[in-house]
There are 2 protein chains.
Amino acid sequence: MEDNARVILQTFIAQFDALTDEEKEMIADNLVVEAYPKGKVLVKAGEVCSKCYFVLKGCLRQYMMVDDVEKTTQFFTENEAAVLFTSYTNQTRSESFLSCVEDTVVILGDMNEEAAMYEKFPKLQQITRAMMEQDFGKTQDHLSRFIASTAEERYLNLMETRPDLLQRVPLNQLASYIGITPESLSRIRKRIQKSS
Amino acid sequence: MEDNARVILQTFIAQFDALTDEEKEMIADNLVVEAYPKGKVLVKAGEVCSKCYFVLKGCLRQYMMVDDVEKTTQFFTENEAAVLFTSYTNQTRSESFLSCVEDTVVILGDMNEEAAMYEKFPKLQQITRAMMEQDFGKTQDHLSRFIASTAEERYLNLMETRPDLLQRVPLNQLASYIGITPESLSRIRKRIQKSS
């Protein structure tokens with residue numbers, strides 16, 4: 001593991017007060033950290049997604065191919081878990097791709113490693129459960145707001161809640177993420193600039 | 001508990017092979033089952049959603065109010081858990097309402113009861129974790145498909161995956177659930193009828 005990745009990992013683990021310092025150190029030793037270059041495709045649609053990725057640094061993008069057009073459906077940045085749950089837990093073919101928008105460092109897991117870690121460190125079960133509940137809530141909220149808003153409201157919401165994405169992600173990916181064409185997104189951005 | 005609700009509850013619990021018959025019986029005795037009439041509002045936006053609901057029979061609807069218009073964002077039917085996770089786990093104000101589309105029978109839980117049940121029946125932790133992973137996967141898939149599809153594709157997908165909803169739920173609720181007006185939904189239905 002690179003020194004840099006180790007520091008990021010330790011900072012991440014440091015936040016879990018339920019763990020002793022010794023446990024934190026041992027967990028850091030047991031986790032697998034991987035670095036991927038920008039553009040790397042981690043999961044392809046049609047394949048089983050047997051790994052889960054916790055982003056320590058960088059940005060992953062989930063997307064589907066519809067009539068040869070990429071439809072971006074999710075971004076995962078620092079401190080977010082990218083798990084395509086249906087494929088991962090049922091070992092079924094993924095409908096989505098997962099790729100790196102930037103050079104990205106992740107904690108890499110799979111079901112066997114997960115089970116082994118819970119065996120060694122039972123406290124982790126409660127910690128990951130709480131993380132999953134938070135993530136599930138965010139995904140529910142995202143779905144509800146997506147259904148209930150216009151594209152312009154979705155863009156304004158993104159400016160407020162994930163402003164970093166507007167800097168990190170190409171316009172065409174952002175556009176499909178809020179359900180519109182790049183041309184419509186350009187018009188929305190111009191309208192917002194004028195009125196502000 | 002009504003006899004009928006008890007039978008539904010026992011049928012639900014019977015599926016968990018990891019539990020002994022004695023545990024199943026004890027768990028059934030410990031769960032709280034409630035029946036609500038059609039139209040009953042269980043959660044209001046602005047309130048903390050301190051309960052979780054597992055639907056044994058009936059249908060719950062999640063919706064937001066946007067400019068005095070109801071935007072339906074989710075339905076929960078038999079064997080689905082209606083938990084507004086952000087509000088429930090963080091004890092923050094819900095953005096959504098939750099109400100009964102039909103007379104509905106649920107297992108009613110809250111965080112204290114949940115913790116007490118895990119204490120008494122540790123195996124339940126693994127069972128509910130597996131259920132949450134399945135539900136999370138479905139919500140992720142729903143979000144991805146919603147972003148990547150047209151309203152007509154969403155309607156066709158609903159016909160295929162949740163045909164019961166088309167019978168159980170009023171047209172205006174279905175329309176907002178797939179992100180369009182009731183008029184647009186009527187046009188889509190006519191077009192599908194003509195072409196089939």
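Colleague: What makes the strands 1-8-3-6 of chain A an open sheet with edges?

Modeller: In this predicted model, 4 strands of chain A stand in the order 1-8-3-6 and pair in the antiparallel sense. Strand 1 (32-36) and strand 6 (81-82) of chain A each pair on one side only, and these are the edge strands.

Colleague: How do you know that strand 1 and strand 8 of chain A count as paired?

Modeller: Two strands are taken as paired if there are at least two bridges between them, and strand 1 of chain A is joined to strand 8 (residues 104-110) of chain A by 5 bridges, so the pair meets that condition. One residue of strand 8 that takes part is A:Val105, the bridge partner of A:Ala35.

Colleague: Which order do the strands of the sheet in chain B follow?

Modeller: The order in chain B is 1-8-3-6, again as an open sheet of 4 strands with antiparallel pairing, and its edge strands are strand 1 (32-36) and strand 6 (81-82) of chain B. Strand 1 of chain B pairs with strand 8 (residues 104-110) of chain B over 5 bridges, and B:Ala35 has B:Val105 as its bridge partner.

Colleague: Why are the two copies described as related by a two-fold rotation axis?

Modeller: Chain A can be laid on chain B by a turn of 180 degrees, with a shift of 0.0 Å along the axis and an RMSD of 0.0 Å, and the copies are therefore related as by a two-fold rotation axis.

Colleague: How do you know that the copies meet through the same surface?

Modeller: Of the interface residues of chain A, 96% are also interface residues in chain B, and therefore the copies meet through the same surface. The contact takes 27 residues from chain A and 27 residues from chain B. On the side of chain A that touches chain B, the largest share, 15 residues, comes from helix 5 of chain A, and the residues of that side divide into 10 nonpolar, 12 polar and 5 charged.

Colleague: Why is helix 5 of chain A called roughly parallel to helix 5 of chain B?

Modeller: The axes of helix 5 of chain A and helix 5 (residues 123-148) of chain B come within 10 Å and cross at roughly 30 degrees. Angles under 35 degrees count as roughly parallel, and the crossing angle therefore makes helix 5 of chain A roughly parallel to helix 5 of chain B. Helix 5 of chain A passes helix 5 of chain B in a left-handed crossing.

Colleague: Which residues meet where helix 5 of chain A touches helix 5 of chain B?

Modeller: Among them are A:Arg129, A:Met132, A:Phe136 and A:Leu143 from helix 5 of chain A, and B:Arg129, B:Met132, B:Phe136 and B:Leu143 from helix 5 of chain B. The residues of this helix contact divide into 10 nonpolar, 6 polar and 2 charged.

Conventions: Residues are numbered from 1 along each chain as its sequence is written. Chains are lettered from A and ligands numbered from 1 in the order in which they are written. This is a predicted model: local features need pLDDT of at least 70, side-chain atom pairs count only at pLDDT 80 or more; totals for chains, interfaces and linings use all residues. Two residues are in contact if their C-beta atoms, placed from the backbone, lie within 7 Å. Helices (H or I, at least four residues) and strands (E, at least two) are DSSP runs, numbered from the N terminus. Ala, Val, Leu, Ile, Met, Phe, Trp, Tyr, Cys and Pro count as nonpolar, Asp, Glu, Lys and Arg as charged, and the others, Gly among them, as polar. Copies are superposed by least squares on the C-alpha atoms of residues with pLDDT of at least 70 in both. Axes are lines fitted to C-alpha atoms, for helices over the stretch in contact, and angles run from 0 to 180 degrees between N-to-C directions. Angles under 35 degrees count as roughly parallel, over 145 as roughly antiparallel, 65 to 115 as roughly perpendicular and the rest as oblique. A crossing is left-handed if the near helix is turned anticlockwise from the far one by less than a right angle, and right-handed if clockwise.
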